[in-house]
Amino acid sequence: MIAHLVLLATAALAPLTTIDTPVLARTVEKGERLGAADFTSAPLPPAAARGATPSQEAAGQEATRRLSAGSPVRAKDIAAPRIVRRGEAVTIALSSGALRITAGGRALGDAAQGEAVRVVNLSTNRTLDAVADRPGQVRVILP
């Protein structure tokens, strides 16, 4: 019994191991893009450091939720930046060879570059499937 207590006391006095982990230097709001300057490093216990995304990979990504200062960023906390936002005016383009037709539209969802997004053509009021090309511009997906 005494040996057991000695082992417990020794374990309690043992130094905790930490891992130098990239953490946020400031609070980041949902939808904000992360930059290299948003990160610092801090010693965290291995359990807290597990799954932390390196700052080089997280830079340029967009926060999917509010992230607190001092916390590590995980893969689920970030996504590719949205270039089309729900409700935003977009230019809808249809290209076939040398022919290019454009129309005004409104996005029905958010999308990163290359992601599918539904849009409404403002001239015809028809819903179309498109792909986000660049900010404010989508291209129609041909069947």
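## Confidence

This is a predicted model. Across the protein chain, pLDDT averages 88. Of the residues, 89% score at least 70.

Confidence varies along the chain. Helix α1, residues 2–13, has the lowest value, with a mean of 48. Strand β9 has the highest, at 96. Look also at residues 3–11. Their pLDDT stays under 50. For this stretch the model has 0 contacts beyond four places in sequence.

## Overall layout

The protein chain holds 3 helices and 11 strands. Read the order along the sequence: α-β-β-α-α-β-β-β-β-β-β-β-β-β.

The chain has 143 residues, and 28% of them are buried. Its exposed surface comes to about 9000 Å². Carbon and sulfur atoms supply 57% of that surface. Now take the contacts between residues at least 6 apart in sequence. Of these, 44% join residues at least 24 apart.

## The barrel

Five strands form a closed barrel. Follow them in the order β6-β7-β9-β10-β11. The pairing is mixed. From one strand to the next, the twist averages 55 degrees.

Strand β9 pairs with two strands described here. With β7, residues 99–107, the pairing is antiparallel over 3 bridges. Here G105 stands opposite N121 of β9. With β10, β9 again pairs in the antiparallel sense, over 5 bridges. Strand β9 covers residues 116–121, and β10 covers residues 127–134. Two bridge partners can be picked out. R118 is matched with D129 in β10. V120 is matched with T127 in β10.

## The turn between β9 and β10

What joins these two strands? The hairpin of β9 and β10 has 5 residues between the strands. N125 is found in this loop. N125 is not a glycine, yet its phi is positive, at about 65 degrees.

Is N125 buried or exposed? The cut-off for exposed is over 50% relative accessible area. N125 has 62% relative accessibility, so N125 counts as exposed.

## Two nonpolar cores

The largest nonpolar core has 11 residues, among them I83, V90, A107, V117, A130 and V138. Strands β5 (82–84), β6 (89–96), β9 and β10 each supply at least two residues of this core. There is also a second, separate core of 9 residues. This second core includes L34, F39, A63 and V73. In soluble globular proteins, nonpolar side chains tend to be buried together.

A130 belongs to the largest core. What does A130 touch, leaving aside neighbours within four places in sequence? A130 is in contact with E115, A116, V117, V119, V138, R139, V140 and I141. Of these partners, V117, V119 and V138 are also listed in the largest core.

## Three residues to find

Start with T91, in strand β6. T91 is partly exposed, with a relative accessible area of 33%. Not counting residues up to four places away in sequence, T91 touches T102, A103, G136, Q137 and V138. T91 and T102 are 11 residues apart in sequence. Their C-alpha atoms are 6.5 Å apart in space.

Next comes G114, in the loop between β8 (111–112) and β9. G114 has a relative accessible area of 54%, so G114 is exposed. Beyond residues up to four places away in sequence, G114 touches V131 and A132. The C-alpha atoms of G114 and A130 are separated by 9.5 Å. Along the chain, G114 and A130 are 16 residues apart.

Finish with D77. Where does D77 lie? D77 sits in the loop between β3 (62–63) and β4 (78–79). Is D77 buried or exposed? Buried means under 20% relative accessible area. D77 has just 2%, so D77 is buried. Leaving aside neighbours within four places in sequence, D77 is in contact with E62, A63, T64, R65, L67 and P72. One of these partners, A63, is included in the second core.

Notes:
Residues are numbered from 1 along each chain as its sequence is written. This is a predicted model: local features need pLDDT of at least 70, side-chain atom pairs count only at pLDDT 80 or more; totals for chains, interfaces and linings use all residues. Side-chain values use heavy atoms; hydrogens and water are left out. Helices (H or I, at least four residues) and strands (E, at least two) are DSSP runs, numbered from the N terminus. Buried means under 20% relative accessible area, exposed over 50%, partly exposed in between (1.4 Å probe, protein chains only). Contact means heavy atoms within 4.5 Å. Accessible areas come from the Shrake-Rupley method with a 1.4 Å probe; for residues, only the protein chains shown count as cover. Two strands pair if DSSP finds at least two bridges between them. Axes are lines fitted to C-alpha atoms, for helices over the stretch in contact, and angles run from 0 to 180 degrees between N-to-C directions. pLDDT is the predictor's confidence in each residue, from 0 to 100. A nonpolar core is a set of buried Ala, Val, Leu, Ile, Met, Phe, Trp, Tyr and Cys residues joined through side-chain atoms within 4.5 Å.
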